[in-house]
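This report describes how side chains and strands are arranged in one protein model. Please keep the sequence and the structure in view while reading.

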Amino acid sequence: MTKTSHSNTLTGWREWVALPDLGVDWIKAKIDTGARTSSLHAFDIVEFEQDGESWVRFRVKPWQDSQEDAVVVETPIHDRRAVRSSSGHAQQRIVVQLLLRLVDREVLAEVTLSNRDEMGFRMLIGREALRHGYTVDPARSFLGGRAPREARRRNRGKE
């Protein structure tokens with residue numbers, strides 16, 4: 001068993017998380033122990049070169065069915081990976097590193113960029129992020145607290 005530097009933090013099967021470096025205070029995420037890497041709904045993805053390095057520009061929509069609070073992000077490309085979707089299709093995805101606040105703790109997570117428009121959650125949190133000392137209770141939700149009512153109203157997906 002791999003030891004972590006943190007004590008175990010309990011998380012439910014779905015949580016409100018933050019992406020502090022992106023200015024995203026609330027995004028609803030599904031905790032997915034079946035996924036190795038975390039995944040974020042991203043669109044308008046454009047790769048470019050900056051100072052000889054590969055970068056990516058993309059937009060994040062934190063709310064279901066809404067453009068409100070959409071953010072433009074520019075960050076270095078960390079990696080590229082073949083990822084198998086839940087339907088069994090493999091595709092190459094860009095991987096970036098993002099700071100993620102989950103249940104009042106911040107961890108650096110590898111995150112693939114994908115189109116999750118048809119999915120109920122804007123983000124999936126995979127095992128690599130959870131290895132930073134999280135334990136998942138599949139019978140519970142929102143152990144890190146709920147987003148404020150105004151934020152929940154903007155998120156038109158089911159809670």
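The sections below treat strand pairing, aromatic contacts, salt bridges and nonpolar cores in turn.

## Basis of the report

The structure is a predicted model. Every value given here should be read in that light.

## Strand pairing around β3

Strand β2 comprises residues 14-19 and strand β3 residues 24-31. The two strands pair in the antiparallel sense, over 5 bridges. Leucine 19 has valine 24 in β3 as its bridge partner. The hairpin formed by β2 and β3 has 4 residues between the strands, and glycine 23 in this hairpin adopts a positive phi near 75°.

Strand β3 also pairs with strand β11, which spans residues 123-125; this pairing is parallel and runs over 3 bridges. Here lysine 30 has leucine 124 of β11 as its bridge partner.

## Aromatic pairs

The model contains 3 aromatic pairs. In one of them, tryptophan 16 and tryptophan 26 meet edge-to-face, with 6.4 Å from centre to centre and 85° between the planes. Tryptophan 16 belongs to β2 and tryptophan 26 to β3, so the contact ties together parts that lie 10 residues apart in sequence. Tryptophan 16 is buried, at a relative accessible area of 4%, whereas tryptophan 26 is partly exposed, at 29%.

Phenylalanine 48 and tryptophan 55 form another pair, and why is it classed as tilted? The ring centres are 6.2 Å apart and the planes meet at 40°, so the pair is tilted; an angle under 30 degrees would have counted as stacked, and one over 60 as edge-to-face. Phenylalanine 48 is buried, with 19% relative accessibility. Tryptophan 55 is buried as well, with a relative accessible area of 17%.

## Charged groups over rings

Two basic residues lie over aromatic faces. Lysine 61 is placed over the face of phenylalanine 43, at 5.5 Å from the ring centre. Arginine 105 is placed over the face of tyrosine 134, at 4.6 Å from the ring centre.

## Salt bridges

The count of salt bridges is 7. One of them joins the side chains of arginine 59 and aspartate 44, with an N to O distance of 3.9 Å. This pair links distant parts of the chain: arginine 59 lies in strand β6 (residues 53-60) and aspartate 44 in strand β5 (residues 43-50), 15 residues apart. Arginine 59 is partly exposed at 27% relative accessible area, and aspartate 44 is partly exposed at 47%. Strand β5 also holds glutamate 47, whose partner arginine 80 is in strand β8 (residues 79-84); these two residues are 33 apart in the chain. The closest N and O atoms of arginine 80 and glutamate 47 are 2.5 Å apart in their salt bridge. Arginine 80 has a relative accessible area of 39% and is partly exposed; glutamate 47, at 44%, is also partly exposed.

A further salt bridge connects arginine 57 and glutamate 74, with 2.6 Å between the closest N and O atoms. Arginine 57 is in β6 and glutamate 74 in strand β7 (residues 71-76), so the contact ties together parts 17 residues apart in sequence. Arginine 57 is partly exposed at 30% relative accessible area, and glutamate 74 is partly exposed at 42%. In addition, Asp79, Arg81 and Glu110 are joined into one network by salt bridges that share partners.

## Nonpolar cores

In soluble globular proteins, nonpolar side chains tend to be buried together. Which residues of the largest nonpolar core touch the most other members? They are Leu40, Phe58, Leu100, Leu102, Met123 and Ile125, within a core of 30 residues. At least two residues of this core come from each of several elements: β2, β3, β6, β7, β9 (90-102), β10 (105-114), β11 and α1 (127-130). Strand β9 gives the most, with 5 residues.

A second core, separate from the largest, has 5 residues, among them Trp16, Trp63, Phe142 and Ala151. Trp16 is also a member of the edge-to-face pair with tryptophan 26 described above.

How values were computed: Residues are numbered from 1 along each chain as its sequence is written. This is a predicted model: local features need pLDDT of at least 70, side-chain atom pairs count only at pLDDT 80 or more; totals for chains, interfaces and linings use all residues. Side-chain values use heavy atoms; hydrogens and water are left out. Rings of Phe, Tyr and Trp (its six-membered ring) pair if their centres lie within 6.5 Å; planes under 30 degrees apart count as stacked, over 60 as edge-to-face and the rest as tilted. Buried means under 20% relative accessible area, exposed over 50%, partly exposed in between (1.4 Å probe, protein chains only). A charge sits over a ring if NZ of Lys or CZ of Arg is within 6 Å of the ring centre and within 35 degrees of the ring normal. Two strands pair if DSSP finds at least two bridges between them. A salt bridge is a side-chain nitrogen of Lys or Arg within 4 Å of a carboxyl oxygen of Asp or Glu. A nonpolar core is a set of buried Ala, Val, Leu, Ile, Met, Phe, Trp, Tyr and Cys residues joined through side-chain atoms within 4.5 Å.
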